[in-house]
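This report describes how the protein surrounds its ligands, taking each ligand in turn.

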Amino acid sequence: MSSITGGLADTKQTAASPIRSSLWRQAFRRLRKNKLAMAGLAFIVFMFLVCFFGPLFSPYANNKINPAIMNQAPSFKHWLGTDLLGRDVLTRLLQAGRISLTVGIASMIISVIIGSILGAVAAYYRGIVDQIIMRIADLLLTIPSLPILFILGALLSEWKVPVEYRMYIVMLMLSFVGWPGLARLVRSQMLTIREREYMQAAIVLGLNDRRKLFNHMIPNIVPLLIVISTLSIGGAILSESVLSFFGLGVMPPTPTWGNMIDAANNLIDFEQHPWLWIPPGVAIFTTVIAINIFGDGLRDVLDPKQKK
Amino acid sequence: MKNNVIEIDHLSTYFYTEEGAVKAVNDVSLRIREGETVCIVGESGCGKSVTAMSIMGLVEEPSGKVVDGRIHFEGRDLLRIDKHELRQIRGNDIAMIFQEPMSSLNPVLTIGMQVMEPLMEHQKLSKKEARKRAIELVELVGISRPEQIVDSYPHELSGGMLQRIMIAIAISCNPKLLIADEPTTALDVTIQAQILDMLRQIKEESNTSILLITHDLGVVAEIADYVIVMYSGKIVEEGDVVELFEHPLHPYTQGLLRSKPIIGQRQDELYSIPGQVPNPLELKESCYFYDRCEHCMSICRTQQPVLHSRAGRQKVACWLYEEGVSHG
Ligand SMILES: Nc1ncnc2c1ncn2[C@@H]1O[C@H](COP(=O)(O)OP(=O)(O)O)[C@@H](O)[C@H]1O
Ligand code: SF4
Ligand SMILES: [Mg+2]
């Protein structure tokens with residue numbers, strides 16, 4: 001075949017002028033216009049930077065216990081005061097932030113991976129595979145996640161899991177309750193995509209299952225996954241805090257925002273030493289709100305239902 | 001005589017709805033020779049697309065099922081080979097183009113990637129070779145700046161360009177048979193002509209057989225060698241395009257041809273066949289066309305006419321042409 005030009009062919013092809021203005025770039029352009037979402041993002045970035053780099057500049061980063069200065073109110077030397085062991089609250093707050101943010105993100109990543117693989121497999125193969133996966137997911141979804149987490153946390157204490165491993169196990173626990181919702185969502189999205197004409201076209205091209213699944217179906221749910229995973233970080237941080245507050249999650253001396261609040265769990269500390277619980281409380285609150293605002297902004301620009 | 005590329009015998013495909021079974025394709029047989037363009041025509045809903053879907057193995061159980069028939073292709077029966085074998089034939093030996101180019105391409109993959117995929121799958125080209133070939137193919141279907149086009153996304157191109165891309169994808173592995181289901185219906189008239197020209201060129205230059213589905217007799221006249229007229233899931237008439245256009249035998253074909261505007265000839269009003277297609281759920285033993293037919297006889301209401309050969313390759317299913325049937 002030399003060339004098939006089809007008679008009059010190739011008249012005007014102006015439609016594609018700003019070529020390579022990729023789909024992502026367009027979405028980000030729209031995201032930048034959303035002031036609230038950008039403020040949320042800015043706050044998240046700020047939180048990350050201070051938590052991960054702040055302690056490097058603190059003279060109290062070694063967490064030395066110093067009974068001489070316990071429970072001191074905020075001062076020029078200790079901006080947020082000291083705790084009942086005489087450690088600098090600000091430094092600990094930032095160190096706790098590292099752990100809380102890491103746990104939140106890591107458990108999100110694990111549950112997104114598990115949830116999307118299982119959801120995609122269920123939707124793609126249907127039949128018995130679908131039945132098994134979705135029945136397990138349904139079972140986990142019918143039980144509210146906090147009780148499950150409490151039981152798991154209690155088991156950890158019972159089995160005397162070493163304190164330094166608890167952080168990792170808490171991540172896994174949070175993923176364990178996080179994946180079923182994601183799997184269900186991914187599955188329903190995949191089932192819709194399956195019916196699209198371009199999937200018929202992919203079948204007709206004789207593409208193998210791997211290509212159909214990873215090149216054609218999954219990229220179509222990536223925008224949704226990004227939105228959901230962003231929003232789920234907030235939820236994971238909150239759950240971790242609750243668990244740690246009740247002494248069932250990450251345990252001291254590893255600091256997290258949740259177990260810092262727990263330090264003020266008696267009425268005297270609560271009333272007399274508010275610098276023990278207000279800073280971690282505010283940190284949890286603002287971080288989760290910022291993540292949710294940013295997630296909503298992402299949803300506006302990425303959710304397929306909003307696209308024309 | 002040239003070889004048949006595909007031979008379809010007694011194909012029947014039903015859909016099972018809540019109200020009952022729809023015989024979407026009802027005992028259809030057809031063959032396509034090497035380098036021949038066969039057109040299936042008929043009103044919307046007569047089973048053209050389902051015929052194509054059955055060939056490609058796209059009818060999904062349990063809602064639909066190919067209940068009977070054989071589809072011979074290169075010594076194999078497409079209805080009875082395993083999934084793996086079928087996958088190697090699809091996209092490679094038999095390719096298909098759909099009606100809506102906009103929705104047939106994946107919105108999140110670049111054009112280039114979508115042209116490259118079958119090349120990597122069937123021809124086992126490396127990514128680099130496939131990209132090079134994709135650019136050549138995009139150029140081949142008459143699109144300029146192919147190096148840039150391959151990196152763009154479907155929503156950045158016009159419908160006509162997308163249909164060219166679909167053709168590029170379809171011919172990428174040099175298929176023996178190209179199935180095109182209403183490939184021009186969604187496009188502007190001028191673009192339609194270009195796409196048809198392109199199909200004709202493919203046929204001439206690489207001797208590809210084409211099964212073209214359309215409801216537009218103008219398209220048939222442009223491109224067909226052989227025509228199959230379907231009505232309510234059955235073939236009512238078929239024949240070489242010249243024979244059939246000059247001597248249409250079946251009253252339905254005659255009606256279709258009368259309703260086609262003739263260029264250069266003024267018509268006060270476009271003729272259309274009176275009446276409606278029968279409800280596919282309520283078909284009974286009769287000629288399915290009887291209540292719209294001006295020649296309807298008593299036998300037409302109670303017995304189904306069978307497709308019988310006439311002169312040349314022409315065949316018709318109508319009691320008017322059966323010996324010993326009283327006309328009246
Ligand atoms: N998925 C389906 N479920 C039920 N009925 C269907 C389905 N697809 C097609 N049909 C029926 O089969 C018949 C033929 O359809 P089709 O081949 O699409 O017609 P066309 O000739 O316009 O391409 C129609 O009556 C249609 O209602
Ligand atoms: S069989 Fe009878 S009703 Fe049917 S097309 Fe022929 S003449 Fe008309
Ligand atoms: Mg159709």
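## Polar contacts of ligand 1

In this predicted model, an oxygen atom of ligand 1 lies 2.9 Å from a polar backbone atom of B:Val50. When ligand 1 is taken alone it exposes 560 Å², of which the protein buries 66%.

Contacts of this kind are also computed for two other residues: a polar backbone atom of B:Lys48 is 2.9 Å from an oxygen atom of ligand 1, while for B:Ser49 the partner is an N or O atom in the side chain, with a distance of 2.6 Å to an oxygen atom of the ligand.

## The shell around ligand 1

The residues that surround ligand 1 are B:Phe15, B:Ala24, B:Ser44, B:Gly45, B:Cys46, B:Gly47, B:Lys48, B:Ser49 and B:Val50. By class, this shell is made up of four nonpolar residues, four polar residues and one charged residue.

Helix H1 of chain B, which spans residues 48-56, makes the largest contribution to the shell around ligand 1, supplying three residues.

## The surroundings of ligand 2

Ligand 2 occupies the space of the second largest cavity. Around ligand 2 are found B:His250, B:Pro251, B:Cys287, B:Phe289, B:Tyr290, B:Cys293, B:His295, B:Cys300, B:Pro305, B:Cys318, B:Trp319 and B:Leu320.

The shell around ligand 2 consists of 10 nonpolar and two polar residues, with no charged residues, whereas the shell around ligand 1 includes one charged residue.

Technical notes. Residues are numbered from 1 along each chain as its sequence is written. Chains are lettered from A and ligands numbered from 1 in the order in which they are written. This is a predicted model: local features need pLDDT of at least 70, side-chain atom pairs count only at pLDDT 80 or more; totals for chains, interfaces and linings use all residues. Side-chain values use heavy atoms; hydrogens and water are left out. A residue is near a molecule or strand if one of its heavy atoms lies within 4 Å of it. A polar contact is a pair of N or O atoms within 3.5 Å; within protein, one must be able to donate a hydrogen and the other to accept it, and residues adjacent in sequence count only if both atoms are side-chain atoms. Accessible areas come from the Shrake-Rupley method with a 1.4 Å probe; for residues, only the protein chains shown count as cover. Helices (H or I, at least four residues) and strands (E, at least two) are DSSP runs, numbered from the N terminus. Ala, Val, Leu, Ile, Met, Phe, Trp, Tyr, Cys and Pro count as nonpolar, Asp, Glu, Lys and Arg as charged, and the others, Gly among them, as polar. On a 1 Å grid over the protein atoms alone, a cavity is a set of points where a 1.4 Å probe fits but cannot get out, and a pocket is an open set with protein on both sides within 12 Å along at least five of seven lines; lining residues have an atom within 4 Å of a point. A molecule sits in a cavity or pocket if more than half of its atoms lie within 2 Å of its grid points.
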